[in-house]
Amino acid sequence: MAHVLSLHLYLSADASKTSPPMPLKFSKRTNKHNKSISAPRKRPPSPLRRTQKLNLEVSPHRAVSAVRLMRIEMGGAFADLLNEKGKGSGDNEMGYVERTLGFRTKDLDDRDLRLVTDIVGGTIRWRRYLDHLICSLCHDERKFRSMEPLLLQIIRIGFYEIVKLDMPPYAVVDENVRLAKVALRPGAGNMVNGILRKLVLLKETNSLPLPILEGDDRAQARALATLYSHPVWMVRRWTKYLGQEEAIRLMQWNNGEPSFNLRANSGKGVTRDDLVMQLNLLKVPHELSLHLDHFVRIKKGMQIVIQAELLKQGLCSVQDESAGLVVSVVNPQPGESIIDCCAAPGGKTLYMASLMDGQGMVYAIDINKGRLRILRETAKLHQVDTVITTIPADLRVFAETYPMKSDKVLLDAPCSGLGVLSKVIIY
């Protein structure tokens, strides 16, 4: 992080040289120059101000993964997918890498993009489990807690690759040691080398330091929470209502490889056959939904779909089949008036509107104005905006003040959100 802070300060100082001089400001009490506000002190030129050299020795997908994980943990990013240029969340991903690590890496190819998605998502899913192993191998919780953010992310990546991805240990150790040495310092590389080699030895001898499932219900819940990387309160709740065996099955499913559903946008005249043809051209493996005519399931290839701009063009959207089943119960018909009471972010609203052949109206009510704005923008992209009216309001107040009549009402009230835990990486 010292690299990031110093770079930010020096760049700020450099920018001030090219901007118009600020007028001197005076203090009201002393009538003296306030130098701390008006005249920034000159700083010596920073070596980081120069264009960073391209580093071809460091694994690019590990460098990007480490920086993205650090940004996520510090609250500056979401765990979304990256495109072919390494961009995410509308920002230049490779720019973050350069400013954080002090060097540039080569652009990510398709294989690198898939690895970044897998490593970032998997490390987030299994972080409680990974941190337990790291802390155990450090033999000192204070050492683990005081570890600098970038170093910790590099170690987490190495642990995930060895324990969960079963990558060749020698390659994982070598690549992550090199990243730590170049991005931080030689001593950091030596630490990564020591702890990863220790992990490899323990894994090969089947003696990883795992918690034992014993003791009272609380102790067993803590052990299960670590083994399957879930919050303790969640484990206790599921164990209480579902039983331990079913709770374990649910946690395993949550941390398994997520699948995604694509809905063909019939509002734009796109059929599921059209979508299947596009997926075949892109060589994205898929299967048809067993329950809904507009839906296709995919497990791999989401990056390819995004790069091909199928979503950006409004040809399809990412929508879970469970949401589609709710719409099938409503069964929207052309010419009907439908009220969607808790509409944002609008997946079901858009699906209902696409089934109405441009006739009728879906009134989308939600308290969140920002999410309704996104709904309106997406409705234009999907060419169903003529049958959607957004109403920013608290439903409880709106219903009393502006009574409305309609053919159908959909009230899919906000829930716990536990049903989407399996999809940590969400478009």
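**Figure 1. The face of helix α10 turned away from its buried side.** This face carries the exposed residues P186, R197, L201 and E204. Exposed means over 50% relative accessible area, buried means under 20%, and partly exposed lies in between (1.4 Å probe, protein chains only). Helices (H or I, at least four residues) and strands (E, at least two) are DSSP runs, numbered from the N terminus. The model is predicted: local features need pLDDT of at least 70, side-chain atom pairs count only at pLDDT 80 or more, and totals for chains, interfaces and linings use all residues. Residues are numbered from 1 along each chain as its sequence is written, and side-chain values use heavy atoms, with hydrogens and water left out.

**Figure 2. The buried side of α10.** Which residues of α10 are buried? They are A188, G189, V192, I195, L196, L199, V200 and L202. These residues lie on the same side of α10 because they cover an arc of only 165 degrees around the axis. The arc is taken from the directions from the helix axis to the C-beta atoms. What covers the buried residues includes α6, α8 and α9.

**Figure 3. The span of α10 and the residue N206.** Helix α10 has 19 residues, which should span 27 Å at 1.5 Å a residue. The expected span is 1.5 Å times one less than the number of residues. The end C-alpha atoms of α10 are 27 Å apart, so the two values agree. N206 follows α10 and has a positive phi, near 55 degrees.

**Figure 4. The largest nonpolar core.** A nonpolar core is a set of buried Ala, Val, Leu, Ile, Met, Phe, Trp, Tyr and Cys residues joined through side-chain atoms within 4.5 Å. This one holds 53 residues. L101, F159 and L179 touch the most other members. Two or more residues come from each of α3 (60-73), α4 (93-101), α5 (110-125), α6 (127-138), α8, α9 (169-183) and α10. Helix α8 gives the largest share, 10 residues. Apart from this core lies another, of 20 residues, among them M352, A353, A364 and I388.

**Figure 5. The surroundings of L179.** Contact means heavy atoms within 4.5 Å. Neighbours within four places in sequence are left aside. What does L179 then touch? Its contacts are V58, R62, A63, A66, L101, F103, I154 and L184.

**Figure 6. L210 in a loop.** L210 sits between α10 (186-204) and α11 (217-227). Is L210 buried or partly exposed? L210 is partly exposed, since its relative accessible area is 36%. Beyond four places in sequence, L210 is in contact with Y129, H132, L133 and L227. Y129 is 81 residues away in sequence, yet the two C-alpha atoms are 8.8 Å apart.

**Figure 7. The cysteines C135 and C138.** A disulfide is a pair of cysteine sulfur atoms within 2.5 Å. By this rule there are 0 disulfides. C135 is in none, and the nearest cysteine sulfur, that of C138, is 6.6 Å away. Why does C138 have no bond to C135? At 6.6 Å, the sulfur of C135 is the closest to that of C138, but too far for a bond. C138 is buried, with a relative accessible area of 11%.

**Figure 8. Backbone angles at S229, D357 and P345.** Most residues other than glycine have a negative phi, and most peptide bonds are trans. S229 has a positive phi, near 55 degrees. S229 lies in the loop between α11 and α12 (232-242) and is buried, with a relative accessible area of 10%. D357 is not a glycine either, and its phi is positive, about 50 degrees. D357 lies between α17 and β6 (361-366), in a loop. D357 is exposed, at 58% relative accessible area. The peptide bond from A344 to P345 is cis, with omega near 5 degrees. P345 belongs to the loop between β5 (337-340) and α17 (347-354).

**Figure 9. Confidence along the chain.** pLDDT is the predictor's confidence in each residue, from 0 to 100. It averages 83 over the chain, and 81% of the residues score at least 70. Among the elements, helix α1 (residues 2-18) has the lowest mean, 35, and helix α8 (residues 149-163) the highest, 97. Over residues 44-51 pLDDT stays under 50, and the model has 9 contacts there beyond four places in sequence. Residues 81-91 also stay under 50, with 35 such contacts.
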